[in-house]
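Got your viewer open? Let's take a short tour, one selection at a time.

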Protein chains: 4
Amino acid sequence: MLFDSPSTFGRAFRILSFGESHGPAVGVVIDGVKPGLPFDLAAIQQELDRRRPGQSDLVTPRREADRVQVLSGVFEGRTTGHPIALVVFNENQRSTDYQAIADLFRPGHADLTYQRKYGLRDPRGGGRSSGRETLARVAAGAWAKQQLAALGVTVRGFNREIAGIPCSKVDWAFVEANPLRVADPAAFDAQRAAVEAARAEGDSVGGVCEVWLEGLPVGLGDPAFGKLDALLAAACMSIGAVKGVELGAGFGSARRRGSENNDPLGPGGPLKNDAGGTLGGISTGAPVVVRLAVKPTSSIARVQQTIDRDGRTAEISTRGRHDPCIAPRIVPVAEAMCALVVYDAWLTQQALREGSLAEAPEWDWEAVEALLRAKL
Amino acid sequence: MLFDSPSTFGRAFRILSFGESHGPAVGVVIDGVKPGLPFDLAAIQQELDRRRPGQSDLVTPRREADRVQVLSGVFEGRTTGHPIALVVFNENQRSTDYQAIADLFRPGHADLTYQRKYGLRDPRGGGRSSGRETLARVAAGAWAKQQLAALGVTVRGFNREIAGIPCSKVDWAFVEANPLRVADPAAFDAQRAAVEAARAEGDSVGGVCEVWLEGLPVGLGDPAFGKLDALLAAACMSIGAVKGVELGAGFGSARRRGSENNDPLGPGGPLKNDAGGTLGGISTGAPVVVRLAVKPTSSIARVQQTIDRDGRTAEISTRGRHDPCIAPRIVPVAEAMCALVVYDAWLTQQALREGSLAEAPEWDWEAVEALLRAKL
Amino acid sequence: MLFDSPSTFGRAFRILSFGESHGPAVGVVIDGVKPGLPFDLAAIQQELDRRRPGQSDLVTPRREADRVQVLSGVFEGRTTGHPIALVVFNENQRSTDYQAIADLFRPGHADLTYQRKYGLRDPRGGGRSSGRETLARVAAGAWAKQQLAALGVTVRGFNREIAGIPCSKVDWAFVEANPLRVADPAAFDAQRAAVEAARAEGDSVGGVCEVWLEGLPVGLGDPAFGKLDALLAAACMSIGAVKGVELGAGFGSARRRGSENNDPLGPGGPLKNDAGGTLGGISTGAPVVVRLAVKPTSSIARVQQTIDRDGRTAEISTRGRHDPCIAPRIVPVAEAMCALVVYDAWLTQQALREGSLAEAPEWDWEAVEALLRAKL
Amino acid sequence: MLFDSPSTFGRAFRILSFGESHGPAVGVVIDGVKPGLPFDLAAIQQELDRRRPGQSDLVTPRREADRVQVLSGVFEGRTTGHPIALVVFNENQRSTDYQAIADLFRPGHADLTYQRKYGLRDPRGGGRSSGRETLARVAAGAWAKQQLAALGVTVRGFNREIAGIPCSKVDWAFVEANPLRVADPAAFDAQRAAVEAARAEGDSVGGVCEVWLEGLPVGLGDPAFGKLDALLAAACMSIGAVKGVELGAGFGSARRRGSENNDPLGPGGPLKNDAGGTLGGISTGAPVVVRLAVKPTSSIARVQQTIDRDGRTAEISTRGRHDPCIAPRIVPVAEAMCALVVYDAWLTQQALREGSLAEAPEWDWEAVEALLRAKL
């Protein structure tokens, strides 16, 4: 496109996200849908529920039903091959929470930049910059995850760190059973205590989210600007709270020697996976491992220095119901964005290659885990 | 989305890169060029020379003239408003260097994935995955840098780390005066020694490259998927050797509290710049600061385990002329990619906004530097 | 885009259309909207009303309210600069009309091709191929027309021919005052009689729709594939019933000599307008004149030969409430599509040109009309 | 949308055209190429030769070798799957021909609009608006035609009319054997005489070019804006001399009744082909038949009224070596553009559909021809 819209993501599999936090609705149009596939709205709702506020006492107590509706593209439970429009109408906005701060620019938020860029902003909340926009991503990502599952690809995430406290092992069964979506039961108590301490002090903490894409065939992704690394980086860095992305050993690889960093190759594929599942931007068949730096929630009760719309110095304390750590709710969003990238890469590959892709090699998951653990 | 074809980058300002390392030529078509602008081919050549191999004894001794030619879009020294095609013909290939390893997949390279994805690969070298493809980026980025300079925006980079040894200060005058493009004279000797030690042992080291974009107006970048953060991440992660990207405090912010991480706002803009120059993905007027994790060069003389094209176990030692550390030559590439993103954001903004963007606030560069230093 | 969706139209100003005739809703997301502009929903509704069925006894008696709702992108009556989602919920479907023919492929409709392409189709009606999809175009086009009006550009259409009977003059006041949207009161009675005769015989007739875009500056449109001619042709030929498009003298120019066909140039612009307002695909400042061949409505009561889904020979007679001539309802759709193209060209130009475009010359409308008349 | 940059065409299969008539070269980058396919440069050269000037005494006597070179994307005679850059260097420009008219705007040419849009133009000729730009299209189209041929699809064209004199039959063997590329030996003498008469009087004539795409499967093309009709219309109207496009009966259908215009359906497909091979914008398996209105060559020796760059009235007579009728050289360009559309539709379909498309029905070519003849 001469320009592509900032509300659009993807190539062969594309989504268009629309809606504001305090407007009538948030929605997404999913495009590039194959016809005749079963459409499981409940599975989409389930992913939205994972992202929803109010899931535990460690996240915001706001409760929003976030019921998703289908406007198009589905007939008698099957996709028609045409755009699927999904909408979530906004309900529980309690915009009075925001009244006191309508004229102040919240530090860490987009208030300042939206006002300057657009000449206006919705004083009731983040508007288009709100985290509610990620509803669109999770809904579309849920569809992508379903399609990938049918192809043998699983996408799942967890928090590798909370408040600087790392997980030393990955217990997948534990991840969805704890409110922080961390993976190591041994680290959970300390992580929880850190979040609670921050909340008690009107403050917030950050985390590092990690997503694994397993079961990919060899050959997804493209050269040059279409590297899987680049697509995943764009996908993840487009999430509001994310300020860094790395694949595999990531920044750690910058501090190593080549003889240590290179993954030797065996008949079944790479013998370790510091590259994070790609070589030259194309999938090797090893798990693609992405890590996202999630900043501490910008909305905090502590007093901060700021300015008002007229540029006058002021103090601000954000009193609404906010998450002391947003990382647990970022996990389903990160999974969704990664799923969008990989399903898109699959369709793209389908267009440009006659034969089928090489099968993924058998992979020794325990060894991978050991390697990943060693990397921390 | 920023890309469509994997060889294309940008929206309003677009480039198409083509060519392989051992084919006839590498080139780029620059699209979205305003008419009537002076076209300075020497300035483009100068940037290519910064990227060229053979600049010092710390990089590969291969010498390639890499002379750029104009095929279209320029008339009597001015742009016509039509696509500018630039071509560099390949000269010094010494493809015999590669003969011994034509049947082996080099660890850390795209040999394996290209063979599996495409069913064929150029055994003389990296082909499309070669670092020579970055010629296209640097040539186009040189044009973008010229346009940005005319708008008051400067783009410059350096290596923040080499082999894990950090620069504690940024001395811009030193950057282009040393072969590693590091910024701290006090750290240079140790960094150089680390590179030389690796080379002596047939090994390689990595680094962390940092790019500063200064003088941006408030308001560049877009919401949702068009965040400047996302575009820069895609741009930088599309460079072959890069495995991680962060803005501002990046991964460091994940280990902080919100009260520490948020940048308080003053009448002139953010009072510190841990956000790295964006809020909600849109420029604040503060410098945009991007860091890239550059892995150690994959081609090393040390023996590594690998497989051949038939999947049989083998050993490989890459004997060609290679850089013991690629980070110095990544600096101009990273600058180019960042320049492409920001100039594109500028043109995009020009289409969608009637008025001019808010002026960038005056910025206290010394304070910024102190803050950035403190962050390490 | 690697692929762009068939449901998307435009570059800097883009729309995404979704929805089926018998699904929950038809809608459009308008993207590339400048912020802070007054948003006039009534004006959009007014254009939808022009397209609505049931406006006279010469079109289908189906009555649909087609009330448009805003889901996003508007705050306190002004655009926010973010995507505007508009939705029309479907009401009066009377799908029982279609029951008898659910298993038959209607000649002239997309039933056959949808079934073969997608493996399924909505048997209750056209689904995505239905004329109801044009609701999305007219709603978005209404916005584009408002923006163009503010820039001094008007977009208006009429039917140049009905059932082969031409209009010899253009009386704009008459166009919206008659149910066929023809422009020549002297031809109306014969045109009306032709439509009524066809209806009485269970048959239908076609027409030629003509759109004028007046007040364009010199310089909109682009070389090569971006010619205004090409964009307008794509826009108009994407309307279901349209099988031909021409600019200016169009097919007539193919039968002339160059000395007759070329428009001489005077200080104020072209001295006649057989080129239809473009030279080299770029606007000359003269009115852009587009003509569309509208085929006779495919749904007719007369018996036609066809096949059923199993390929068996059958007869079909479409008994639903259909327009004996669809051309009157095509006029607002054609205007909308032309408006989308030109407003998009305007925004595109704004991105790529610093200065303002050359002003349109004063134009002698009577002479133009005389020339156009002579052309028939 | 089919385009983004005005120099780019296509979605999954994309081309980027660059170059000016009097610059160093004209070229094209072909993107979306499958790997491992045999690359037949001679077949591309052959198509360029069909388009070349100087083929007979009925076209311009300018002789240009127009030798095409490969810069990338091919290795040992096979495609690598990466962009193929093709270049033709400009040779015989004789720009002195143009010196006398450098300050005058040629009627029918883009001189006026380029000067106003860009603020500058190449006074030596058409620059980017020159017919030489079609070299890029023909080269890329030649590749698309080869791929389509392997899929059983043939693309071939002829002139249905010259100077208003129609061909009443289609004798394919005659088409490439006569300099006007007309299809009816019985009409040739009159057509030739018309061209020669125009040339003798320093004038020019137009024509109607017709392209047949045969062997398409059912199901290519998409709903809404992606209709095959729309894509073909854009493709053909982007050719400089083309001012109208129609499919099948085209404008003729606007003057018929539905009972006559609808194509009845039989078990093998449509029983006639007035729709021109599509229903709802999607291929029916019947031949796709496109007609293009080609205006008379704008460059004529006869004196015309015009203005100079300062807006002063002047007279102009274009004395260069020009074609008295450009339609014969438009045929290969039109074939190329249609081939690009259909091959792109094929790849797009491959991405979004699992199964293979329905096979094209057996088709009675003689009956088709009879129908087409009856339509004139």
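Start by showing chains A and C together: turning chain A by 180 degrees, with 0.0 Å of shift along the axis, lays it on chain C with an RMSD of 0.0 Å. (The fit is by least squares on the C-alpha atoms of residues with pLDDT of at least 70 in both copies.) The two copies are thus related as by a two-fold rotation axis. The same surface serves both: 100% of the contact residues of chain A recur in chain C, where contact means heavy atoms within 4.5 Å.

A quick note: this is a predicted model, where local features need pLDDT of at least 70 and side-chain atom pairs count only at 80 or more, while totals for chains, interfaces and linings use all residues. Residues are numbered from 1 along each chain as written, chains are lettered from A and ligands numbered from 1 in written order, and side-chain values use heavy atoms, without hydrogens or water.

Next, select A:R51, in helix α1 (residues 41–51) of chain A; helices here are DSSP runs of H or I, at least four residues, numbered from the N terminus. An unreviewed UniProt entry marks A:R51 as "binding site", and such annotations may be inferred rather than shown by experiment. Is A:R51 buried or exposed? Buried, with a relative accessible area of 3% (buried is under 20%, exposed over 50%, partly exposed in between, using a 1.4 Å probe and protein chains only). Leaving aside neighbours within four places in sequence, its contacts include A:D66, A:G131 and A:R329.

Finally, add helix α4 (residues 134–150) of chain A: α1(A) passes α4(A) in a right-handed crossing, meaning the near helix is turned clockwise from the far one by less than a right angle. Among the residues making this contact are A:R51 of α1(A) and A:L135 of α4(A).

Methods
Helices (H or I, at least four residues) and strands (E, at least two) are DSSP runs, numbered from the N terminus.
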